[in-house]
Amino acid sequence: MTKNTFFKRKGPFLLSDLFKNIQSNKKFNVTDIKSLEEANKNELTFFDKIDYINFAKLTKASYCLTTEKLKIYLPKFCIPIIVKNVLFDLCVVTKKFYPDADIDAPDTSLKAPKNSNFSKVKFGKNILVGKNVSIAKNTIIGSNTIIEHNVSIGQNCVIGSQIVLRNSLIGNNVVIQDGCKIGLKGFGFIPINDKNLRFPHIGKVVIKDNVEIGANCTIDRGSINNTEIGQNTFLDNQVHIAHNVKIGNNCMIAGQVGFAGSSVVGNNASIGGQAGVSGHLKIGNNVKIGGGSGVIKDIKDGITVMGYPAVPLKKFIKNQKK
Amino acid sequence: MTKNTFFKRKGPFLLSDLFKNIQSNKKFNVTDIKSLEEANKNELTFFDKIDYINFAKLTKASYCLTTEKLKIYLPKFCIPIIVKNVLFDLCVVTKKFYPDADIDAPDTSLKAPKNSNFSKVKFGKNILVGKNVSIAKNTIIGSNTIIEHNVSIGQNCVIGSQIVLRNSLIGNNVVIQDGCKIGLKGFGFIPINDKNLRFPHIGKVVIKDNVEIGANCTIDRGSINNTEIGQNTFLDNQVHIAHNVKIGNNCMIAGQVGFAGSSVVGNNASIGGQAGVSGHLKIGNNVKIGGGSGVIKDIKDGITVMGYPAVPLKKFIKNQKK
Amino acid sequence: MTKNTFFKRKGPFLLSDLFKNIQSNKKFNVTDIKSLEEANKNELTFFDKIDYINFAKLTKASYCLTTEKLKIYLPKFCIPIIVKNVLFDLCVVTKKFYPDADIDAPDTSLKAPKNSNFSKVKFGKNILVGKNVSIAKNTIIGSNTIIEHNVSIGQNCVIGSQIVLRNSLIGNNVVIQDGCKIGLKGFGFIPINDKNLRFPHIGKVVIKDNVEIGANCTIDRGSINNTEIGQNTFLDNQVHIAHNVKIGNNCMIAGQVGFAGSSVVGNNASIGGQAGVSGHLKIGNNVKIGGGSGVIKDIKDGITVMGYPAVPLKKFIKNQKK
């Protein structure tokens, strides 16, 4: 993914125009904003948590918003831009590049799909499609569904009715049931009295092959990174997946489960109904989370947890006997 | 708010026609039904819980449904109507005034909006608008959205797609994401075998300036009072707010949180994902509620709670160590 | 219900064609697949859990998928088909009879309703109706609602806007609020790496008279059995009811409650907000479940439970005091 096709980008900007306290004789061009692992030469990234040290060491970004403490882990060629609150400055500078990504204005260019553009797609009624939408062969789209500009849908998919898809790349053989809202802006903002500062969401939702998503689910797009659902993962109804969450392959996520932002789940996870996973956690492979559990810590591979807060199953059973 | 513009009101009625056991030589006119704090002369109110004693003492209502025990707190000019079950009688009498407010018949007068009435509003496709809807300048409305009669929307709002708005007054700079259902009848009824008695919902949803509401949220209108969301409060996806709930300013309410009816939340509250708040509670200012918590008691200003049932954070941590 | 009107059935098949290891000189005809209690002569059923022993003893099915251990409970006329994994084989054979029931392809035959077919029904705008839909008199349907083929709706119902109804039989005086998705395929599959095997869902949703369903609820249809909501049961917003769940009469189910598959609830149950009920449980009559509780065991008649996992109220209160 070298180009962001969902949002219009401004710039390039001079580094000294973006950050007034950066003074240099050289004119540094900043072309885009990306995560540590995705950024390239002339691009700006950010590094705000020691957890991401391994990505920081390997970043190819030319510039990085960070703190005095963390800057030492960056490669030598990467110019650190030291700030007090990395996310605040990231928010401000991202808005300069992407002024339209912090509020989800509905796509007013939507139209009924032209059959000539989608000759091998089956459509229900009253479907609205934006510019540059691509839908591969043998896919079927239900009625009243809205597919906003630049969304891409693979082949043999079954997309239900009354769905909204935006800022999303959807693989092959994907099933999405009625009422889902996918690719909307996530719940990210800097709290400020009387006027919160919304975080631009320039990421996407990426749904891999053979995924199934139940009715009335919500999957928010990423802020800088993407939100991802791995191959053959199945979600039940009313699941909520926040921005930047990455779920692996072959997972089973039951009804009304909720994920807070930026958590990562491995492969083959099985998550019971109404369980909740806090933000910024790392859940390993082959993990089982009991229904109704509240996960607030990382979980290693192969562990089964239960409870609120969730603990390993043996401990949960022992606690119950007290 | 002197007039209920959302529901047709019958009457005025004679007090003795409404309550057969009230006998008097004078002909008392009853013009409307309102809450203790909103009722005026010639209007009927109700007082069923000692918690509302301060409102009772100051009410301007001429008549009040109440109990033998509570009637002593009413002002002298207010005629008490003593009943066994205040809510049952309130339900019956409210139905006489507002026969159409106990079931949400869809607005069958909906039409495509005439551009001449909304010259400074941007519309998506297939939008339906009822009679007397007002939408201020620079507001944008997404596709397939339904705005029923008498709803008012301020300026600079972004209302997404596949939304239903009814019985709602919406301020300026409000963002509502796709799939929300706002202003519907709440979950209020007197349980009766084989035929529950539905409570008329004559209240509104009032959403103040700068509010943001995530995707697929539901916010029910008030029964007699209104449901209110204060300025600059942000709600994440799939939040459920029941009838009569009042949420203050600058609150942050994460995904899948649920409020039961009539609870009141102060300003600057921060509520984690999947937390639940029981009915008729008073949550103070600057309160933090941990994700997944179940709140069943009032919370004073500045307190952080967690757990099920939710307790102050220190106690929660101590309990965990047992 | 002698015939499945929602899905096209293939067959009849010879028993020896369905199960290659069944060898017999007689040609056994298999006409359909049904549950133990609904199956009749020449029909195939399944018996995978000792819990269903009473239904097994009384089944009228001619053939039954089961295990070596369970086969002894079947009537003598019922030919047992012994397999290792009953549900796997059931899934495979059900797909042979009903090849279209494992993915919810949207109904592409939807059209605007002809007034001549529904002369006593009131319609909003942009409604889509499939073939053979029946709607009785004095029912009102909101805008943008989709009613797929063969759905039947009784009289005096109020069906809101932006709803999807499929594979459902709906009684009289039923109220369904906006945004509900009812009758979709449930969350049932045999997990297989890279290609889960979806369970065909050939059951229905049956909603009895006087039921009310809040906004944005999801009610999945049954897999082999039906999903049922009993008379005069009221559901609040964002409730999730999985496949095969049966809820009795006069129940009260608050917001965001979730049921996993195949649980059965008696009459007069009262379930608080955000409670969860695990799969395959039996909840008695007159049961109360506290808000936020997680029910993982059967509950006998008249019991009040609370907590996670839910325990009888007295025990819950005692545990709190520890």
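How many bridges join strand 3 of chain C to strand 4 of chain C, and do they run parallel or antiparallel? Strand 3 (residues 32-33) of chain C is joined to strand 4 of chain C by 2 bridges, and the two run parallel; strands here are DSSP runs of type E with at least two residues, helices are runs of H or I with at least four, and both are numbered from the N terminus. Two strands are taken to pair if DSSP finds at least two bridges between them.

Before going further, I should say that this is a predicted model, in which local features need pLDDT of at least 70 and side-chain atom pairs count only at pLDDT 80 or more, while totals for chains, interfaces and linings use all residues. Residues are numbered from 1 along each chain as its sequence is written, and chains are lettered from A and ligands numbered from 1 in the order in which they are written.

Let me stay with strand 4 of chain C, where C:E43 is the bridge partner of C:D32. Towards strand 5 of chain C, strand 4 of chain C has 3 bridges, again in parallel, and C:F46 stands opposite C:L65. Between these two strands the chain passes through helix 2 (residues 53-58) of chain C, in a β-α-β crossover that is right-handed, a term used if, with the strands pointing away from the viewer, the path from the first strand over the helix to the second runs clockwise. Strand 4 (residues 43-46) of chain C is covered on both faces, with C:E43 and C:T45 buried on one side and C:L44 and C:F46 buried on the other; buried means that 20 or more other C-beta atoms lie within 10 Å of the residue's own, exposed that 12 or fewer do, and partly exposed anything in between, with C-beta atoms placed from the backbone.

Following strand 5 (63-66) of chain C, the loop that leads to strand 6 (79-82) of chain C holds C:L70, which counts as partly exposed because it has 19 C-beta neighbours inside 10 Å. Leaving aside neighbours within four places in sequence, C:L70 is in contact with C:F47 and C:I50, contact meaning C-beta atoms, placed from the backbone, within 7 Å. C:L70 and C:I50 lie 20 residues apart in sequence, yet their C-alpha atoms are 7.1 Å apart.

Turning to chain B, an open sheet is formed by 9 strands in the order 8-11-14-17-22-25-28-31-34, with parallel pairing. Strand 8 (128-129) and strand 34 (294-295) of chain B stand at the edges with a single partner strand each, so one side of each is left without a neighbour in the sheet. At the latter edge, strand 31 (residues 276-277) of chain B is joined to strand 34 of chain B by 2 bridges, and B:V277 has B:V295 as its bridge partner.

Finally, the arrangement of the chains. Chain B is superposed on chain A by a rotation of 120° with 0.0 Å of shift along its axis, at an RMSD of 0.0 Å, and the two copies are thus related as by a three-fold rotation axis; the superposition is by least squares on the C-alpha atoms of residues with pLDDT of at least 70 in both. The contact between chains A and C takes 36 residues from chain A and 33 residues from chain C, and the chain A side divides into 8 nonpolar, 24 polar and 4 charged residues. Here Ala, Val, Leu, Ile, Met, Phe, Trp, Tyr, Cys and Pro count as nonpolar, Asp, Glu, Lys and Arg as charged, and the others, Gly among them, as polar.

Definitions and conventions:
Contact = placed C-beta atoms within 7 Å.
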